Amino acid sequence: MDTHITATRTIDAPAGEVFAILSDPQRHHEIDGSDMVRSDDRSDRITAAGQSFRMNMHHPRAGDYQTDNHVTGFEQGSLLA
């Protein structure tokens with residue numbers, strides 16, 4: 001079963017600053033609106049499509065778990081999918 005989640009939001013900040021946060025899994029907890037992202041699992045900055053990174057998560061009812069995230073598109077400074 002393929003599942004895709006897409007979100008769009010306008011951020012009042014320079015694109016380079018936003019991209020720097022999004023391409024660094026170590027900073028994802030700073031922008032997590034669900035409060036479920038705890039930390040990354042030794043991930044490097046995203047620099048290319050085909051990379052993957054793992055996040056340490058927590059949900060009050062489900063407990064601790066991890067998600068594997070796969071980068072399907074990348075253009076420095078403008079695209080991260």
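This dialogue walks through several features of a predicted model, one at a time.

Reader: Before looking at single residues, how many helices and strands are there in the protein, and in what order do the elements run?

Author: The model is predicted, and its protein holds one helix and five strands, which run from the N terminus as α-β-β-β-β-β. Along the principal axes, the C-alpha atoms fill a box of roughly 35 × 30 × 25 Å.

Reader: What share of the residues is buried, and how much area does the protein expose?

Author: A residue counts as buried when its relative accessible area is under 20%. By that cut-off, buried residues make up 23% of the 81 residues in the protein, while the exposed area comes to about 6200 Å², with carbon and sulfur atoms supplying 48% of it.

Reader: How should I read the largest nonpolar core, and which residues belong to it?

Author: A nonpolar core is a set of buried residues of certain types joined through side-chain atoms within 4.5 Å. In this model the largest such core has eight residues, namely F19, V37, I46, F53, M55, M57, V71 and F74, and strand β2 (residues 52–59) gives the largest share of this core, with three residues. To see the surroundings of one core member, take F53: leaving aside residues up to four places away in sequence, F53 touches P25, H28, S43, I46, T67, D68, N69 and V71.

Reader: How many aromatic pairs does a search of the whole structure find, and what is their geometry?

Author: Ring pairs are sorted by the angle between their planes, with those under 30 degrees apart counting as stacked, those over 60 as edge-to-face and the rest as tilted. The search finds one aromatic pair, formed by F19 and F74, with 5.7 Å centre to centre and 55° between the planes, and so it is tilted. Because F19 lies in helix α1 (residues 15–22) and F74 in strand β4 (residues 74–75), the pair ties together parts that are 55 residues apart in sequence. Both partners are buried, F19 at 7% relative accessibility and F74 at 17%.

Reader: Where is S23 found, and which residues does S23 touch beyond those up to four places away in sequence?

Author: A position in a loop does not by itself tell us about burial, and the two are best read separately. S23 is found in the loop between α1 and β1 (37–40), yet S23 counts as buried at 3% relative accessibility. Apart from residues up to four places away in sequence, S23 touches R45, I46 and L80; the C-alpha atoms of S23 and L80 are 7.4 Å apart in space, although these residues are 57 apart in sequence.

Reader: Is P60 buried or exposed, and how far is its C-alpha atom from that of M36?

Author: P60 has its place in the loop between β2 and β3 (63–70) and counts as exposed, at 72% relative accessibility. Its C-alpha atom is separated by 8.7 Å from that of M36, a residue 24 places away along the chain.

Reader: What is the phi value of D35, and what is that of R42?

Author: Phi is worth checking for its sign together with the residue type. D35, a residue other than glycine, has a positive phi near 65°, and R42, also not a glycine, has a positive phi of about 60°. D35 lies in the loop between α1 and β1 and counts as exposed at 57% relative accessibility, whereas R42 lies in the loop between β1 and β2 and is exposed with a relative accessible area of 71%.

How values were computed
Residues numbered from 1 in each chain as written. Predicted model: local features only at pLDDT ≥ 70, side-chain atom pairs only at ≥ 80, totals over all residues. Heavy atoms only, no water. Buried < 20%, exposed > 50% of the residue type's maximum accessible area, 1.4 Å probe, protein only. Contact = heavy atoms within 4.5 Å. Phe/Tyr/Trp six-rings, centres within 6.5 Å; stacked < 30°, edge-to-face > 60°. Areas by Shrake-Rupley, 256 points an atom, 1.4 Å probe, with all protein chains shown as cover.
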